[in-house]
Amino acid sequence: MGHRSSKLAKAAKAARAEALAVADIIALQQGEMNRNLVLGIEDLRCAIRENEMRLQALQADRLHTAQLLAGLQQQLGLLNQRLQHLQSPRQPCESASVHTPCQSPDHLMHRM
């Protein structure tokens, strides 16, 4: 029986060594998977930061564009007023006896 228990002990020891080797392989694989997950998460964080910066830049561009548009609309309004004035019938702005320049704001625009 001693020989048999010795064989069983050796077989158990070999099985344990094989199980440990398999466990080591699994741990290495899991470690590699965990490493890949950590790297993937960091890549996603970087992409999120980049997209946040792009979004801020786009929002700044949008604000600047809105300001430019407001300025252009204001200029267009002034040009429309001037055009309407130029198209309106002219009123004499000088008296027949004395020549004095007209100080009317509408007529002052003609001099610009």
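## Burial and overall make-up

Of the 112 residues of the protein chain, 3% count as buried, in what is a predicted model. The chain exposes about 10300 Å², and 62% of that area is supplied by carbon and sulfur atoms. Its secondary structure consists of 2 helices and 0 strands.

## The Arg 35 and Glu 32 pair

The structure holds 3 salt bridges, one of which links Arg 35 with Glu 32, where the closest N and O atoms lie 3.7 Å apart. Both residues belong to helix α1, which covers residues 2-87, and because they are 3 residues apart in that helix, about one helical turn separates them. Arg 35 counts as partly exposed at 48% relative accessibility, and Glu 32 also counts as partly exposed, with a value of 40%.

## The network around Glu 42

Glu 42 takes part in a salt bridge with Arg 45, with an N to O distance of 3.7 Å, and its side chain also meets that of Arg 49 in a salt bridge at 3.4 Å, again N to O. Salt bridges that share partners thus join Glu 42, Arg 45 and Arg 49 into one network.

Within helix α1, Glu 42 and Arg 45 are 3 residues apart, so that about one helical turn separates them. As for solvent exposure, Glu 42 is partly exposed, with a relative accessible area of 33%, while Arg 45 counts as partly exposed at 48% relative accessibility. Arg 49, the remaining member of the network, is partly exposed with a relative accessible area of 42%.

Technical notes
Residues numbered from 1 in each chain as written. Predicted model: local features only at pLDDT ≥ 70, side-chain atom pairs only at ≥ 80, totals over all residues. Heavy atoms only, no water. Helix = DSSP H or I, 4+ residues; strand = E, 2+ residues; numbered from the N terminus. Buried < 20%, exposed > 50% of the residue type's maximum accessible area, 1.4 Å probe, protein only. Areas by Shrake-Rupley, 256 points an atom, 1.4 Å probe, with all protein chains shown as cover. Salt bridge = Lys/Arg side-chain N within 4 Å of Asp/Glu carboxyl O.
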